[in-house]
4 protein chains.
Amino acid sequence: MPVKLLFIGDVIGKPGREALSRELHRIVDRHMVDLVIANGENAAGGFGLTEETAQDLFKCGVQMITSGNHIWDKKDALEYIKREDRIVRPANYPDGTPGKGTTIVKTPGGVKVGILNLEGRVFMNNLDCPFRCADKEIAKLKEETPIIFVDFHAEATSEKVSLGWYLDGRVAAVIGTHTHVQTADERILTAGTAYMTDAGMTGSFDSVIGVKKEEAILKFVTQRPSKFEVAKKDIRINAVAIEVDERTGLALNIERINIACG
Amino acid sequence: MPVKLLFIGDVIGKPGREALSRELHRIVDRHMVDLVIANGENAAGGFGLTEETAQDLFKCGVQMITSGNHIWDKKDALEYIKREDRIVRPANYPDGTPGKGTTIVKTPGGVKVGILNLEGRVFMNNLDCPFRCADKEIAKLKEETPIIFVDFHAEATSEKVSLGWYLDGRVAAVIGTHTHVQTADERILTAGTAYMTDAGMTGSFDSVIGVKKEEAILKFVTQRPSKFEVAKKDIRINAVAIEVDERTGLALNIERINIACG
Amino acid sequence: MPVKLLFIGDVIGKPGREALSRELHRIVDRHMVDLVIANGENAAGGFGLTEETAQDLFKCGVQMITSGNHIWDKKDALEYIKREDRIVRPANYPDGTPGKGTTIVKTPGGVKVGILNLEGRVFMNNLDCPFRCADKEIAKLKEETPIIFVDFHAEATSEKVSLGWYLDGRVAAVIGTHTHVQTADERILTAGTAYMTDAGMTGSFDSVIGVKKEEAILKFVTQRPSKFEVAKKDIRINAVAIEVDERTGLALNIERINIACG
Amino acid sequence: MPVKLLFIGDVIGKPGREALSRELHRIVDRHMVDLVIANGENAAGGFGLTEETAQDLFKCGVQMITSGNHIWDKKDALEYIKREDRIVRPANYPDGTPGKGTTIVKTPGGVKVGILNLEGRVFMNNLDCPFRCADKEIAKLKEETPIIFVDFHAEATSEKVSLGWYLDGRVAAVIGTHTHVQTADERILTAGTAYMTDAGMTGSFDSVIGVKKEEAILKFVTQRPSKFEVAKKDIRINAVAIEVDERTGLALNIERINIACG
Ligand SMILES: [Fe+2]
Ligand SMILES: [Fe+2]
Ligand SMILES: [Fe+2]
Ligand SMILES: [Fe+2]
Ligand SMILES: [Fe+2]
Ligand SMILES: [Fe+2]
Ligand SMILES: [Fe+2]
Ligand SMILES: [Fe+2]
């Protein structure tokens, strides 16, 4: 029996959450999804995640939340993340970081899926090596299940593609997040891992990667600090569906999803 | 009469050039292309452009070559670029830079198309403002033709999307290059400009953005300098076709192209 | 008659301002200073400048305030800077930036001194070329006076030293700011320009470049965002005194100043 | 009995090596130095270190060579560094990196001195955490000797000062390298560790941080890649002498050294 994972790209603020509230159940039905994972690092007003916004996502049908560099933006997250099993932050943050970088979740059908969140280092924070961290965390997850999903939250395409190949054959999928632009390179690599450089974002597309476009342009043109507000029009859901062989933990299919929801 | 532009993402070394040699005429026929533009910054061994490799591209049917940060990698380019009208380098390099940042080319049907090449600044070189440079260069090109194509060679999605919106309604297309990964966000913006964050690359996909994957991974894992060689297997052509209204210079259609050629 | 300029490195918050209030008149007397210039980008709580904190500096005896990347941190500065002639911000911010990048000030003895503020681009904002900007601004200032002082607010030593040599013989002094650590390389370059890579800071030295050391360390160790508060103990004034030939506008002497004031 | 350490800032190419050959014995005599350590990452033509150039440094009287990001520039170093006990590279390179990050050396008087080399991460390579690495390596060195010298090869002043305070009271000295500009902030921190943000460089000062100034300026002004040659005039030795209490391993004195040698 294949297991169907749905992974939703960075959810941006209330517009993103509302879109999921309206549409997610339909996507789940249409694609016969067993497990819904969403990147929630921008779910709270575009910057960070709070208990309230995470609960919002869970109510929509999200079962697991991954994150990235913005997970620390809201101070509450530091406490909340410790007691909420359904949220992971990048595993390659240093020892002592609140929360955890991996988890194992069960589908309604009883299949265990390991989730691993990693953050890139090129043009980003100075974290532990995501490649070595993956080696270590995957070994531990494999003791529990052959099926592992990796959200690699990173900027540089070279680092993302490299991790994809590095983990090829060892995990079900390596899907990138962080750039908020969906890439068209979804494929199954030669040893069986589904790969896609970026899942994109779920939020306003009448925007610059989710924030009001006038404010983003102003920052580039003035080179002065700028406030950023979440944009509200032309909402789309960016996601990717991955079918995994339950026995081998390798990918059978990968499908890019981009749904306009007004 | 609409004008059909074909823009080919960064051509990577000999494998990329050979793929174009075999397939480009077919793509041109199928899409009834009037003008072929290709980003050539990696055409010579993956780093830079030489007279010989540029001639190779012209022989394949490329009419105009755009470029980016790698255009200076081969020393010969500095001289060659001065006498070759069919190559542009980013217009926002400082005054005194060899070559030019814009040009006007005629389709076989006699329609003038302005070409503008720009380079981003986020995580890249310290160049003049691409937004202001675009204002200035577009004004000049508009004296000659309403049809302007922009290759924005940049890293950060925020900068690329911002320029798209900034130029919306003023040019036919803003197409990104440099990340070597094709994005799935091609669309016509609200005021009529075709936009796509990255056209992708033309070269080996059994690679990390065109170079041998073992070498790229080694660099990330060791953090030591590494040589990079062009990879050779699983060649694909990444491009985008844009239909432009000859009279208004705005886009009628944009279509992403990704062709496997072995 | 030589003119004696005193330039004070980045003043950090209230501790820095109070130190100047107590000690500046003594330094002015001892060094027979004609003109006091201070970098004020961190004068307001460590981040930015307000009308109130600027007035504080003027009351201490500062006649001109230069700045840098932090000048925009306090929103009020955007308006204030337009009507206050005694503040400059880096001249190589884009056209349309509030305030101005150069000014001419008269010493009590009636000698005109041109002040030019520039910001580096390496590891910093994406600004106009400071080298070309300097060429242009110096030409204008030279119509008024042969004596020009340059505060080059920059991170990379290579960029700072390069600008020093580039302007050697054309200005009285190129003094760096921004790193908050005083360098020991003060000298007069071969064509007569006084140069020093960084003037240092005026504030707490029981700190990490002015902020509480526990908070700075925490940020490096956790890689999470962190608040920064101005530190308060072990206050020192970092400055540099430059003697300039009134006729040639070239430097006769440069002296590094580092005064502990408790 | 105090132990006197002399640490020499980045030695730049042949001019730097020749200056040491002529002057080092004199400095050693004058300061009654027990152990000479030099940063050799630029000793071979400005980029990297070879067996020949390292031997040159040893002949001058250098007993231990530390390094930094440039240590990998010359391919030979990868092999040489494995069999040469007197060279360390930053300890926070990943597991499997050739060479070692710490060593213990004996002064002629028989006192053991632990040497730890670290590299910063801000604006540099993506390495392991230098703070945690220091914790671990210092614990090991402390089993052998109370006297530990740290060369922290880093760019950002904030990271360097932070490590100084982080290790205060645990090591004899934290001395920075990499910027090639000597800082004027040498001091003994409150718990007894000698600290200085940058030791400076040993090489040509008629240069931009050791390379020909025309070439460095050209790079900033053109934003194109540029070759860099070692400059040859106005040679100076930048160093720092630290007196350490043999029993406590804490610093008794720190003295900045800057010697012009023609
Ligand atoms: Fe995000
Ligand atoms: Fe992110
Ligand atoms: Fe490229
Ligand atoms: Fe590029
Ligand atoms: Fe500052
Ligand atoms: Fe600054
Ligand atoms: Fe160096
Ligand atoms: Fe270095």
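A residue counts as buried when under 20% of its relative accessible area is left open to a 1.4 Å probe, taking protein chains only. Keep that in mind as you look at this predicted model, where A:Glu41 and A:Asn69 are both buried. Each of these two residues helps to hold the iron ion (ligand 2), and chain B has an iron site to explore as well.

**The iron site in chain A**
- Four residues coordinate the iron ion (ligand 2) at 2.1 to 2.2 Å: A:Glu41 (OE), A:Asn69 (OD1), A:His153 (NE2) and A:His178 (ND1).
- The arrangement around the iron ion (ligand 2) is irregular because its four donor atoms subtend angles of 83 to 148°, while a tetrahedral site needs all angles between 85 and 135 degrees.
- A:Glu41 also bridges to the iron ion (ligand 1), which lies 3.5 Å from the iron ion (ligand 2).
- A:Glu41 sits in the loop between strand S3 (35–39) and helix H2 (51–60) of chain A, and A:Asn69 in the loop between strand S4 (64–66) and helix H3 (77–83), so this pair ties together parts that are 28 residues apart in sequence.

**The iron site in chain B**
- Here the iron ion (ligand 4) has B:Glu41 (OE), B:Asn69 (OD1), B:His153 (NE2) and B:His178 (ND1) as its protein donors.
- Along the chain, these donors follow the spacing E-x27-N-x83-H-x24-H.
- B:Asn69 is in the loop between strand S4 (64–66) and helix H3 (77–83) of chain B, and B:His178 in the loop between strand S8 (173–177) and strand S9 (187–188), so they tie together parts 109 residues apart in sequence.
- Both B:Asn69 and B:His178 are buried.
- B:Glu41 coordinates both the iron ion (ligand 4) and the iron ion (ligand 3), which are 3.5 Å apart.

Methods:
Residues are numbered from 1 along each chain as its sequence is written. Chains are lettered from A and ligands numbered from 1 in the order in which they are written. This is a predicted model: local features need pLDDT of at least 70, side-chain atom pairs count only at pLDDT 80 or more; totals for chains, interfaces and linings use all residues. Side-chain values use heavy atoms; hydrogens and water are left out. Donors are N, O and S atoms within 2.8 Å of the metal (3.2 Å for Na, K and Ca); water is not among the atoms, so sites may look incomplete. Helices (H or I, at least four residues) and strands (E, at least two) are DSSP runs, numbered from the N terminus. Buried means under 20% relative accessible area, exposed over 50%, partly exposed in between (1.4 Å probe, protein chains only). Four donors count as tetrahedral if all angles lie between 85 and 135 degrees; four count as square planar and six as octahedral if opposite donors are over 155 degrees apart and all others between 65 and 115; anything else is irregular.
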